[in-house]
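Biologist: Hi! I have just opened this one and would love a friendly tour. Could you put it on the screen for us?

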Amino acid sequence: MAPAIFLVFAALAVFCGLNVVLRRHPIASALWLIGVMVSLAVLYGLLGAHFLAVAQVIVYAGAIMVLFVMVIMLVNAGAEQPSNASRMAQVLGLPLLAGLLAVLGLVIRRATPAAALAARKGTAHDVGTALFTTYLLPFEITSILVLIAILGAVVLAYKEKH
Amino acid sequence: MDAVPLSWYLVLSAVLFGLGVAGFLFRRNIITVFMSIELMLNAVNLTFIAFASRLGQVDGQIFAFFVMVVAAAEAAVGLAIILVIFRNRATLQIDELDSMKN
């Protein structure tokens with residue numbers, strides 16, 4: 001059962017990812033990207049990471065993509081014009097990409113299936129316990145990071161009146 | 001219970017990461033380039049969670065959680081920067097945003 005679910009949602013993720021890259025219109029790319037994120041959320045659930053599956057849907061597909069769609073709407077972004085100004089990417093892009101995938105494939109082939117180190121399941125309870133004990137300081141620091149990001153976004157996007 | 005081999009997840013992650021890199025290199029719209037970066041971050045998160053699940057450790061999930069938080073902060077600031085660029089230059093084509101080139 002699990003391999004079938006994996007194959008269906010992996011194919012869906014790759015299909016949506018292809019559309020993200022190939023669509024001319026940014027809003028179409030954004031909507032296909034939501035498809036990638038939702039299928040990845042299903043795979044997280046399959047892996048037993050239930051908390052992150054929910055966070056993926058709420059934070060990524062919900063908050064971040066709404067931000068993207070809002071900005072696309074605000075700047076009224078149309079279909080992108082094809083240009084050949086960047087020769088470098090067109091000439092070197094595909095060979096470098098093939099090289100990257102070859103290296104990744106080699107690493108994956110050589111990766112030995114490691115034995116489980118601990119018997120923790122990775123449920124929301126385990127994640128919460130680790131987050132508020134071992135990783136409490138980084139967790140608190142991220143709240144400062146998010147605060148700075150909010151301030152930065154407001155300062156950047158604030159329109160001065162002349 | 002979970003019969004999916006770890007390497008399947010890694011291959012899917014590599015493919016999604018490659019798609020993100022391709023979008024980053026070939027697309028000319030700054031917002032689409034930004035979305036390609038999000039695609040790459042998601043691919044990395046999948047690797048983290050697959051290893052966390054397979055090793056029976058929760059740390060990989062914590063890392064993925066932090067990646068998610070940083071991605072949210074990055075999206076907020078990055079999109080604000082895109083708004084400012086659009087307001088000042090009235091374009092989203094990265095070919096035309098080359099004032100640091102000369």
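Biologist: In what order do the elements of chain A run from the N terminus on?
Modeller: They run α-α-α-α-α-α. Chain A has 6 helices and 0 strands, where helices (H or I, at least four residues) and strands (E, at least two) are DSSP runs, numbered from the N terminus. Before we go on, this is a predicted model, in which local features need pLDDT of at least 70, side-chain atom pairs count only at pLDDT 80 or more, and totals for chains, interfaces and linings use all residues. Residues are numbered from 1 along each chain as its sequence is written, while chains are lettered from A and ligands numbered from 1 in the order in which they are written.

Biologist: Thanks! And what pattern does chain B follow?
Modeller: Chain B reads α-α-α along the sequence, with 3 helices and 0 strands.

Biologist: What is the radius of gyration of chain A, and what would a compact globule have?
Modeller: Chain A has 20 Å, whereas a compact globule of 162 residues would be near 15 Å. The radius is taken over C-alpha atoms, and the globule rule is 2.2 Å times the number of residues to the power 0.38. Along its principal axes, the C-alpha trace of chain A spans about 60 × 45 × 30 Å.

Biologist: And what about chain B?
Modeller: Chain B has 17 Å, against a value near 13 Å for a compact globule of 102 residues. Its C-alpha atoms fill a box of roughly 55 × 25 × 20 Å along the principal axes.

Biologist: How much of each chain is buried?
Modeller: In chain A, 25% of the 162 residues count as buried. For chain B, buried residues make up 50% of 102. A residue is buried if 20 or more other C-beta atoms lie within 10 Å of its own, exposed if 12 or fewer, and partly exposed in between, with C-beta atoms placed from the backbone.

Biologist: Into which domains is chain A divided?
Modeller: Domain 1 covers 1-77 and domain 2 covers 123-162. Those bounds come from an automatic or database domain assignment. The C-alpha centres of the two domains of chain A lie 22 Å apart.

Biologist: Now the interface. How many residues of each chain are in contact with the other chain?
Modeller: On the chain A side there are 71 residues, in contact with 60 residues of chain B. Two residues are in contact if their C-beta atoms, placed from the backbone, lie within 7 Å.

Biologist: Which helix of chain A gives the most to that side?
Modeller: That would be H3(A), with 11 residues. The side of chain A that touches chain B divides into 57 nonpolar, 11 polar and 3 charged residues. Here Ala, Val, Leu, Ile, Met, Phe, Trp, Tyr, Cys and Pro count as nonpolar, Asp, Glu, Lys and Arg as charged, and the others, Gly among them, as polar.

Biologist: Can we zoom in on one residue? What does A:Leu67 touch?
Modeller: Leaving out residues up to four places away in sequence, A:Leu67 touches B:Ala75, B:Ala76 and B:Leu79. A:Leu67 is found in helix H3 of chain A and counts as partly exposed because it has 18 C-beta neighbours inside 10 Å.

Biologist: At what angle do H6(A) and H3(B) cross?
Modeller: Helix H6 (residues 136-157) of chain A and helix H3 (residues 59-89) of chain B cross at roughly 10°, and their axes come within 8 Å. Axes are lines fitted to C-alpha atoms, for helices over the stretch in contact, and angles run from 0 to 180 degrees between N-to-C directions. H6(A) and H3(B) are therefore roughly parallel to each other. Angles under 35 degrees count as roughly parallel, over 145 as roughly antiparallel, 65 to 115 as roughly perpendicular and the rest as oblique.

Biologist: What kinds of residues make up that contact?
Modeller: The contact of H6(A) with H3(B) has 17 nonpolar, 2 polar and no charged residues. Including A:Leu145 and A:Val146 in H6(A), and B:Val69 and B:Ala73 in H3(B), the two helices meet.

Biologist: And inside chain B, how do H2(B) and H3(B) lie, roughly parallel or roughly antiparallel?
Modeller: H2(B) and H3(B) are roughly antiparallel to each other. The axes of helix H2 (residues 30-55) of chain B and H3(B) come within 8 Å and cross at roughly 175°. Their contact divides into 15 nonpolar, 4 polar and 2 charged residues.

Biologist: Last one: is B:Ala90 buried or exposed?
Modeller: B:Ala90 counts as exposed, because it has 9 C-beta neighbours inside 10 Å. B:Ala90 sits in the segment after H3 of chain B, and its phi is near 55°, a positive value in a residue other than glycine.
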